[in-house]
Amino acid sequence: MDVSGLVNLFTATYSVDQNVRMTAEIEIHKVASHESFIPAVMQIISATDVSLATRQAAAVYLKNSFTSGLGEDSANTQKTIAVLKSSILPLIGSSPSHSITSILRTTLGYLVKATWPEEWPELETDVRKLLASGRGREIFVGLISLLEMLKAFRYSSSPHVANVTANIFPLLHPLATKALTAHPSTDKAEILHLVVKCYWMSIQQDLAVCLQAPEGIMPWGTLFLQIVSHQVPLSVQGASPDDLDDLAGTPYWKAKKWAFRVLNRLFRKYGNPSQLPAIYKKEYTPFATKFIGLFAPEILRRYLAQLELYVSAQQRNNWEQGWMTDRCLCLILDFLTESIKPKSTWELLKPHVPDLIRHFVYPILRFTTRRAELWEADPVTFVQESLGNFEDLGWPDPHACGFLLGLARSRSKSSYQIILTHISDILGQYPGSQGPESKYGVLTMIMALDDIFVNHPLSKGHVNDILTQHIIPELTSPHAYMRSIACDVITKFEENGVSWVDGQLLNTFQIVMGAMRDAELPVRVNASFAFSSLMEQPEVRPLIAPHIGEIIQAFLKLSDELGLDTLSAALDNVVAYFADELKQLALPIIVHLCGSYNTLFSQIEDARALGEENNDDEITDKTMAAIGVLRTIGVIIDSQKDSPDLLKAIQMTVLPIILRTLEQGNVDMFDEIYTLTDSLLTQLNNISSYMWQVFEATYKAFKILAVDYFEDMMPVISFFIEHGVQAFSERPDYCAMIVDMFRTIAFEDSAGAWDRRAVSMIAETFIMQSPGLLNQSVAQLVEATIRILILDGEDSPQRTQKVNVLLSLLAVYPTETLIALEATEKTSWAFEQWLHEVPKLARVHDLQLIIVMVSRLMDLPSEQVPPPAASLWPIILSNALRCFTALPAAEQKREEIARKLLEEDVDEMEDEDEDDHDDASMEEDEEHAYDHAEDEDGDVIDEETEYINQLAEEAARLRAKSAAILAGQPIPASELPDEDDDDEEEEEDWFFETAVDKVDPYIKFAASLHAFQTSNPQAYVAATSGVGQEGQVALMEIGKKALERSAS
């Protein structure tokens, strides 16, 4: 291998000339399979005389080529693994830059996950040697190798983690202790960071026995406490007040962050007896009991001490000592919230609650400088982040709100009055000694208290006064952020069932409507939410009707500005309540929405062209926004179902976005696109000529995507089949498309039983709807049906629907079907399949299909019935009679189900009428709960505790199932599908119908039986004598009933 030539090629891969880059990549690909290629690439990465950019390009290629080949069990992949195992650790050790080290670490991670421990058992020994070497660079390589070993099992419980913990962790503690000096250097801080992160990774699924023991938890726990308490003056860290946020990325603060996380996890998952899930109690109760008694209080004391330093620095506006990153503040708040429920930690936390609320939580929730800066610089991002309470930014705000809510819910008697007192104090001092940014903070506190503030006996009686004196006036505040938070509080109050006093609601609503025209985007957004929630009050709707066009335009403009689905639900509510008023506006709105959808669609495509890895969040946000637009279009269509001319115009307007989505294969939107298409078709109950473009586009999409999205396509395909008989009769190519879909799924290895059932329903409907159109395709349909019935054998769930395809073919194309069966020597087998189903049938449709199919067989001349079928005439006739016997009960069952569904609809309406009474009862229950909290200072066991317990049980169940599958062991019986579930799924289709349900079974059967007697007397005698005297009586009854039905 010419290494120098390869260096030149890698150098060319980052050329500004695209042609040079592409040529180099092609040449590299040509030599990549050479045996000496990987060693040459690794030689380039370690070569000191090669530029860093070229070495980095080689590292990237090594990572990409290795990871892309992992799924292939090829000789080249195995050779690459062998070379990497022997060379990658030294390569990382000699890495010249952080970026190359990062790339090589990623490669190492994939290698470890693919090979350790089974194919790379010596790795553990190598890591021990590196850690014990005493040389900084080798220790670093050992730590990142250990981290990758632990990460390989972070999502599953594994004995390998426990073994590594027992064998290697004794080497880590001394390294960390040595690194924790008064002022750790960057290298020492990095070692500390990696040691703590290794510990964190080892406790994701289980806490190893060696770490539970006193000799394990005491030194490690002490180390973590020392790290979180460690203080290094900012001047020593080299940070200025203007670049404090940059410190979060330094190794020192990473080490502190991970130490906080470790202590929190030890407490939350393993060390809190009262909150320990039942499934973990046997294994962890001894450890938890000791931890809650010894370590948890000390952790809380250390955290409170850090907060005291932080608050002091904040009050002095001097961050030399006491500053913390946002992430560390979030983790402290999380621990405080967890400390509310256990008795031992609550006793320690309780005296600090007033100071924590006043001096720590409240300042976080004020309208801070960084909120103001974000509002001014990027109001769209401000809106997006405020909807999640700034959690995506890593701010402590949502964690502070969670702490407040935890106090109010779990320790109401001790804490709620303290919270209310602080809120009252700030509101009482406004606008004198407290400014609007302070009032913003207490309004945020009120928001954080959620339903408690509206319903708790201590605050419930003051809600209207607060609304009148402190919320509604801020709707017209000169400060935009106060107008915004006022709208937000009104939304929260309305959602939680606030009682409005006389005149208050209408006055508030008028102001909110005005705020929807505010100059500031965040105000308009929150006003829109408030508008949507207040609109649920019937008395405000007359105020909306005259302005419905203006309101809709405001919603549409906001949606376009945000590019999110944030306002979709609010817009949908307006459309649902004002369908009549929207008749003149519906089409212009649809035009606007289609334009918005096209813009979002283009933005999604552009982002994907730049690479999904780098634009995943943007793609997700734009996709959700596009889905929201489609849903709103659907709501408008449903609201105008009584306006066919308008729906036709809407259909023409919407068709281009449907076709664009299908033709470009944006599968994320398929569900909504097909829902929208189905709504357009069903509302008009016909298929216009131009809508057949959707059918053609669906077939093309199906050919590319095969079975993956057939479930989304199915309702629309069914509609085309049921209502497009004329088109199918004129377009043989359309018929061929349906046949091809059926055959594709029948022979597609990735298709499942549900896919085959779904396509069988479509095939059956199509066969029954198209007599005479499929003569040339019967053999293909028979072949595919046989394939499906072989794959889904006798007694498999939902098999009847698949057998029905065979029955439909026999009913509509009996001659051609029997010829095809004879050609495949499957006649006897095919009859056995449907005869096996008869005893299980209880649905009207299935019973009638067999009766009609048998009738069609009796219509055939004797020479067209092959011997294997003719020999079964007595059995065939007996089973037809069995179907007649079951038919009355099936019809009665169907009527009962229809009646029950109607009763459920009536009950649902009655339940809605009783909602107000239920809400009142719930409020009384809540007041009773607040007034009679048992053992206020004891352990708290609540709904959240039970929910966590359920999650733990589900996680354990899934892990056990996954482990059984990976080990090739049988899945436990409890994990197998419940047969009752399958029965329920079948029962859901009691009203499934095809053309066969329009045939009177008695009249058809009696006529065919008479023809059978005339045209094939010998077979008739054999068949009727074979059913016995009881059967012959039944035949007479059928004939009698047929005459009665004919006469009527």
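Biologist: How many disulfides does a search of the whole structure find?

Modeller: A search of the whole structure, which is a predicted model, finds 0 disulfides.

Biologist: Why is there no bond for Cys210, and which cysteine sulfur is closest?

Modeller: The closest cysteine sulfur to that of Cys210 belongs to Cys198, and because the two are 14 Å apart, they are too far from each other for a bond, given that a disulfide needs the sulfur atoms to be within 2.5 Å.

Biologist: And is Cys210 buried, exposed or partly exposed?

Modeller: Cys210 has a relative accessibility of 29%, so it counts as partly exposed, whereas Cys883 has a relative accessible area of 0% and is buried.

Biologist: New topic, then: how do helices α9 and α12 pack?

Modeller: Helix α9, residues 159-179, packs on helix α12, residues 214-229, at an angle of about 30°, and their axes are 11 Å apart. That angle makes α9 roughly parallel to α12, and α9 passes α12 in a left-handed crossing.

Biologist: Which residues meet there?

Modeller: From α9 the residues are Phe169, Leu172, His173, Ala176 and Thr177, and they meet Pro219, Trp220 and Leu223 in α12. As a general point, an α-helix has 3.6 residues a turn, so residues three or four places apart point the same way.

Biologist: What about α43, how many of its residues are buried?

Modeller: In α43, 13 of the 13 residues are buried, so the helix is largely enclosed by the rest of the structure.

Biologist: And what should helix α43 span?

Modeller: Helix α43 has 13 residues, 800-812, and at 1.5 Å a residue these should span 18 Å, which agrees with its end C-alpha atoms being 18 Å apart.

Note on methods:
Residues are numbered from 1 along each chain as its sequence is written. This is a predicted model: local features need pLDDT of at least 70, side-chain atom pairs count only at pLDDT 80 or more; totals for chains, interfaces and linings use all residues. Side-chain values use heavy atoms; hydrogens and water are left out. Helices (H or I, at least four residues) and strands (E, at least two) are DSSP runs, numbered from the N terminus. The expected span of a helix is 1.5 Å times one less than its number of residues. Buried means under 20% relative accessible area, exposed over 50%, partly exposed in between (1.4 Å probe, protein chains only). Axes are lines fitted to C-alpha atoms, for helices over the stretch in contact, and angles run from 0 to 180 degrees between N-to-C directions. Angles under 35 degrees count as roughly parallel, over 145 as roughly antiparallel, 65 to 115 as roughly perpendicular and the rest as oblique. A crossing is left-handed if the near helix is turned anticlockwise from the far one by less than a right angle, and right-handed if clockwise. Contact means heavy atoms within 4.5 Å.
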